[in-house]
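Please open the model in the viewer and keep the selection panel at hand. The tour below proceeds by selections, each followed by a short account of what is found there.

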Amino acid sequence: MSKNLQAVRGMNDILPDEAERWEALEARLRRWLAAYAYRPLRMPIVEPTPLFARAIGEVTDIVEKEMYSFIDTLSGEPLTLRPEGTAGCVRAVLQHNLLYDGPRRLWYLGPMFRHERPQKGRYRQFHQLGVEALGYTGPDIDAEQMVMIARLWRELGLAGTMRLELNCLGQPEERARHRSALIAHFEQHRDSLDEEAKRRLPSNPLRILDTKNPAMQPIVETAPRLYDYLGEASRAHFSGVCALLDAAKIPWRFNPRLVRGLDYYNLTVFEWVTEQLGAQGTVCAGGRYDGLIAQLGGKPQPACGFAIGLERLLALTEGRDGERQSIAQVYVLHQGEVAQRLAFVAAESLRDAGLAVQLHCGGGSFKAQMRRADQSGARVAVIVGEDEAAAGEASVKPLRAEGSQCRVGIAALVPAVQVWLD
Ligand code: HAM
């Protein structure tokens with residue numbers, strides 16, 4: 001195929017075998033979300049560019065270099081393919097005044113876009129399930145979200161493979177004081193900083209703590225810790241979250257280096273990480289973002305949420321799926337013009353009875369049609385040959401069980417097929 005007719009790099013087609021796994025997972029996720037009283041919200045994929053700059057932060061990797069932004073040629077408006085869902089969710093909640101009668105638990109699912117270097121587990125179009133609780137203070141909702149996620153891992157048979165990492169980012173003033181101390185510390189060791197760190201020092205010194213450069217580990221190790229700059233209230237919130245997690249017997253690990261790549265977080269931040277996906281091991285991530293609603297123009301209200309990367313979750317559950325749902329149960333084949341018309345009627349009567357039916361289309365020898373029936377995964381073949389058609393009958397043949405073919409009148413077709421489906 002000509003090169004320019006391929007999908008965009010890092011944006012994948014999801015073919016039917018895979019798409020069926022997605023649908024089965026999505027159905028499961030919907031049941032799990034309903035059990036915690038979260039309700040769906042569907043937002044547009046494109047939002048005004050300033051929304052993301054304001055919500056995620058001007059000096060984040062996402063906003064600086066990963067957004068698919070463009071000018072709408074008709075309106076001249078700067079637009080962006082959403083790189084995440086929290087900003088759009090808060091925008092929609094404010095636009096429609098959804099918090100007017102109290103807090104809301106909401107979820108959304110769909111594609112997100114980031115211009116990252118594609119590799120296994122990291123794509124330019126990927127899918128997130130986002131879960132947001134808006135209008136709630138107190139550590140209980142933070143903890144409930146983590147308890148809820150732990151339940152999902154159990155339901156999917158992943159409990160042993162996921163590790164919960166937790167940190168408390170405090171409040172903006174506490175972070176500002178820590179930031180000054182951090183800059184002073186790195187300034188003192190300026191000679192040991194690499195070029196990347198020097199560039200980041202004035203704008204985003206926290207990201208230096210994430211460095212992979214082994215030569216910089218000693219100055220990173222001795223850097224001032226945010227936790228030491230947290231006040232009473234922040235510490236109390238954090239210990240409230242930890243106590244609820246302990247009461248629910250959810251193991252967690254304090255990770256003081258966990259900072260997250262989006263600027264809207266305060267207090268609780270968390271990530272669920274697995275060793276089974278190589279470098280892209282973060283399957284779920286989130287935290288509290290009490291300042292975002294006010295920052296986007298709303299009356300100040302607290303909030304907390306997380307997102308699960310669906311490609312990563314599906315990679316972990318590969319090989320654990322149940323039966324595929326969208327395979328036809330019955331394959332109807334036919335030979336000759338009269339038979340074709342009868343086969344159409346027969347297929348519709350089977351569908352009237354609630355069965356999933358694949359009617360052979362496109363002609364072909366009887367043998368070729370039988371091969372298709374076998375390949376389709378259907379459990380029963382309904383055959384309308386010229387003989388059957390002349391008698392107003394069809395033959396029923398089990399494809400996945402021992403048993404002989406039988407011939408019945410069209411009116412008796414449904415029960416004759418059902419025998420092989422129960
Ligand atoms: P995030 O950490 O940027 O957070 O993304 C959440 C999850 O999306 C990641 O842990 C990962 O599983 C998946 N993900 C991110 N980028 C990619 C990619 N390029 N390819 C495949 N998967 C990816 C957020 O987006 C926040 N909005 C989460 C949140 C919701 N916080 C509060 N509410």
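Helix axes are lines fitted to C-alpha atoms over the stretch in contact, and the angle between two helices runs from 0 to 180 degrees between their N-to-C directions. The model on display is a predicted one.

**First selection: two helices**

Select residues 139-155, which form helix α5, together with residues 232-247, which form helix α10. The two helices pack at an angle of about 40 degrees, and their axes lie 8 Å apart. Angles under 35 degrees count as roughly parallel and those from 65 to 115 as roughly perpendicular; α5 is therefore oblique to α10. The crossing of α5 past α10 is right-handed.

**Second selection: the ligand**

Next, select the ligand and the 25 residues around it. Which of these residues come nearest? They are Glu 84, Arg 114, Glu 116, Glu 132 and Tyr 265.

Polar contacts may now be displayed. The side chain of Glu 132 has an N or O atom 2.8 Å from a nitrogen atom of the ligand. For Tyr 264, a polar side-chain atom is found 3.0 Å from a ligand nitrogen, and for Tyr 265 the corresponding distance is 2.6 Å. The ligand taken alone exposes 660 Å², of which the protein buries 96%.

**Third selection: the shell by element and class**

Colour the strands β6 (125-134), β10 (282-288) and β11 (303-309), the elements that each give two or more residues to the shell around the ligand. Which element gives the most? It is β10, with 5 residues. If the shell is coloured by class instead, 11 residues are nonpolar, 7 are polar and 7 are charged.

**Final selection: two loop residues**

Most residues other than glycine have a negative phi. Select Ala 37, in the loop between α1 (16-35) and β1 (39-40). Although Ala 37 is not a glycine, its phi is positive, at about 65 degrees. Then move to Arg 260, in the loop between β8 (253-254) and β9 (266-273). Arg 260 is likewise not a glycine and has a positive phi, of about 70 degrees.

Key: Residues are numbered from 1 along each chain as its sequence is written. This is a predicted model: local features need pLDDT of at least 70, side-chain atom pairs count only at pLDDT 80 or more; totals for chains, interfaces and linings use all residues. Side-chain values use heavy atoms; hydrogens and water are left out. A residue is near a molecule or strand if one of its heavy atoms lies within 4 Å of it. A polar contact is a pair of N or O atoms within 3.5 Å; within protein, one must be able to donate a hydrogen and the other to accept it, and residues adjacent in sequence count only if both atoms are side-chain atoms. Accessible areas come from the Shrake-Rupley method with a 1.4 Å probe; for residues, only the protein chains shown count as cover. Helices (H or I, at least four residues) and strands (E, at least two) are DSSP runs, numbered from the N terminus. Ala, Val, Leu, Ile, Met, Phe, Trp, Tyr, Cys and Pro count as nonpolar, Asp, Glu, Lys and Arg as charged, and the others, Gly among them, as polar. Angles under 35 degrees count as roughly parallel, over 145 as roughly antiparallel, 65 to 115 as roughly perpendicular and the rest as oblique. A crossing is left-handed if the near helix is turned anticlockwise from the far one by less than a right angle, and right-handed if clockwise.
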